[in-house]
Structures are given as structure tokens and as C-alpha cells.
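User: Could you walk me through how to read this structure, one feature at a time? I would like the general idea and then the case at hand.

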Amino acid sequence: MAGELWTVNLGVVEYREAWAMQERVRAARQADAIPDTLLLLEHPPVYTRGRRSTPGELAMGEDWYRMQGIDIVDVDRGGLLTYHGPGQLVGYPIMRVADLMGYVRTMEQAIVTALVEEGVTAPRGRSSDGRDFIGVWTAERKIASIGVHRSREVTTHGFAVNVDNDLQPFEWVVPCGLPDVRMTSVTRELGTGGHLPCFRKRMAYRFAEAFGRRQRLVSAARLEAAVGAAPIPA
């Protein structure tokens, strides 16, 4: 399995369920029972608050957002508040990583390459501008967010690229702690929808390429079997 990247397409998965799955996969990766793995999925509408989140990020009160059908979850990744919803491509790389900022920059570049191939004009990573600007931008509009957590050298959480998703929920909050940021998507930039299936494949290929891995498509059932067979950590 050395040099492989298992890529698993999961469809739409509730956020807490996906988070629990990440923890199981991370334990298996820490035990070297599986290679580096990329989970690709979408979430039902949810705001997630990172380790640097502040109480005022949901200005209209949690009950109001839940009345709009949006869940709220506090998580252990870096960063501040962000939104996930159907039509947004979410990637959770469960990888053994030594250089965390190098990992983030490589992830940014993989997203940039995939977006350029999709036809988006001049996307660029901005991790060099400081931690508040980590992610991918086109002009002054943010199209992809990144937030990671690392435990015993293995990462969870990852990236979210706005592809065909509704951008309105970003307007109801201060996304990523940047009051002047405007979010965009592949659909908004190109003026047409229906990009997610092709972009998912493109993103998986460019991610594996950027990290020097051979992509191997693996079913969710195969992954769960490997995770279930992994030794239990002491």
C-alpha cells in the first residue's frame, strides 16, 4: 500500500456521522492498517465552528439558524466558522503529515490546479498571507476553505470547495472571521451549474498528484472492513 491514496466517494453524509468516521479512519491510519485516505462527500446544511471561533459568529442566534434548517457543530479543526451544504465538495484527507504548513500549501495548490482545469479564472492559494486567508481565492472572492487537525502525525478535516452549492448561508454569518469576504463558487464564476460530478474526479486526481500518491478508488464497504480489522490502540 506504500505510495497509495485510497479515495472513497461517500455521497451525502450527516456531519457528525462523517466526523465519527474520520476518527475511526484516523485510528486505522495511525496503526498503519490503511494507507493515506481521502474521503470525498457532501454534507446537509451545517455551520461548523473551529477552535478559534468566537461567541458572536452566529449573530442572529443559534435557534434562528436552526429554523432555516442549518445544523451547528463545534469541531476540533483549526479556523473559525464556515458553512457546508449540498453541492459543495468536501474532502477529508486522513494522512500522515510531518510538515503541517507544507501540507496546507500543497492542498491549496491541488485545489487551484483542479479549478483552473474546470475553467475558473486565476484561482490562488493565500496561506502565505496569514492564517486568516488560508484557502483558495479568485480575485477577492473565496471559493475554497481549508481547516485541519493533526493528532499523532495524522490529519483529519480538510477542504471544502464551493461548486454548485447555495451561497446564501454564507451571507447570514461572518465566514472564516473575515467580515468583508465574499464567497463564490464554480457555478457563480462560470455561469453554469452541474459541475460537481466532474469536479469531484478532477479534484481527487489532482490531490493525489500533488502529494505524489497513486490514486486507488475504494468503496466505503472496503474501507470500513479495513478500519474494522485494524488493531485497537493501546
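User: Let me start with one residue: is Gln30 buried or exposed?

Analyst: A word on the source: this is a predicted model, where local features need pLDDT of at least 70, side-chain atom pairs count only at pLDDT 80 or more, and totals for chains, interfaces and linings use all residues. Residues are numbered from 1 along each chain as its sequence is written, and side-chain values use heavy atoms, with hydrogens and water left out. Buried means under 20% relative accessible area, exposed over 50%, and partly exposed in between, with a 1.4 Å probe and protein chains only. Gln30 has a relative accessible area of 15%, so it is buried.

User: Where does Gln30 sit, and which residues does it touch?

Analyst: Helices (H or I, at least four residues) and strands (E, at least two) are DSSP runs, numbered from the N terminus. Gln30 is in helix H1. For contacts, look for heavy atoms within 4.5 Å. Leaving aside residues up to four places away in sequence, Gln30 touches Arg96, Ser151, Arg152 and Val154.

User: Happy with that. How many helices and strands does the protein have?

Analyst: There are seven helices and 12 strands.

User: And what does the radius of gyration tell me about the overall shape?

Analyst: The radius is taken over C-alpha atoms, and the globule rule is 2.2 Å times the number of residues to the power 0.38. For 234 residues, a compact globule would have a value near 17 Å, and the protein agrees because it has 17 Å. The C-alpha trace spans about 45 × 40 × 30 Å along its principal axes. Buried residues make up 52% of the 234. Among contacts with a separation of 6 or more, 77% join residues 24 or more positions apart.

User: Now the interior. Which residues of the largest nonpolar core touch the most other members?

Analyst: The general idea is that in soluble globular proteins, nonpolar side chains tend to be buried together. A nonpolar core here is a set of buried Ala, Val, Leu, Ile, Met, Phe, Trp, Tyr and Cys residues joined through side-chain atoms within 4.5 Å. The largest one has 32 residues, and Ile111, Leu115, Phe159, Met203 and Phe207 touch the most other members. Two or more residues come from each of strand E2 (36–42), helix H3 (100–118), strand E9 (141–151), strand E10 (154–162) and helix H6 (196–210). H3 gives the largest share, eight residues. Apart from this core lies another, of 25 residues, including Val25, Val46, Tyr92 and Ala226.

User: What surrounds Phe159?

Analyst: Not counting residues up to four places away in sequence, Phe159 touches a list that includes Leu38, Leu40, Met107, Ile111, Met203 and Phe207.

User: Is His84 buried or exposed?

Analyst: His84, found in strand E5 (residues 82–84), is buried, with a relative accessible area of 7%. Beyond residues up to four places away in sequence, the residues it touches include Tyr15, His43, Thr48 and Ala160. His84 and Phe170 are 86 residues apart in sequence, and their C-alpha atoms are 9.3 Å apart in space.

User: Last one, the backbone: which loop holds Ala122, and what is its phi?

Analyst: Ala122 lies in the loop between H3 and strand E7 (123–125). Its phi is near 55 degrees, a positive value in a residue other than glycine. Ala122 is exposed, with a relative accessible area of 54%. Asp32, in the loop between helix H1 (15–30) and E2, also has a positive phi, near 60 degrees.
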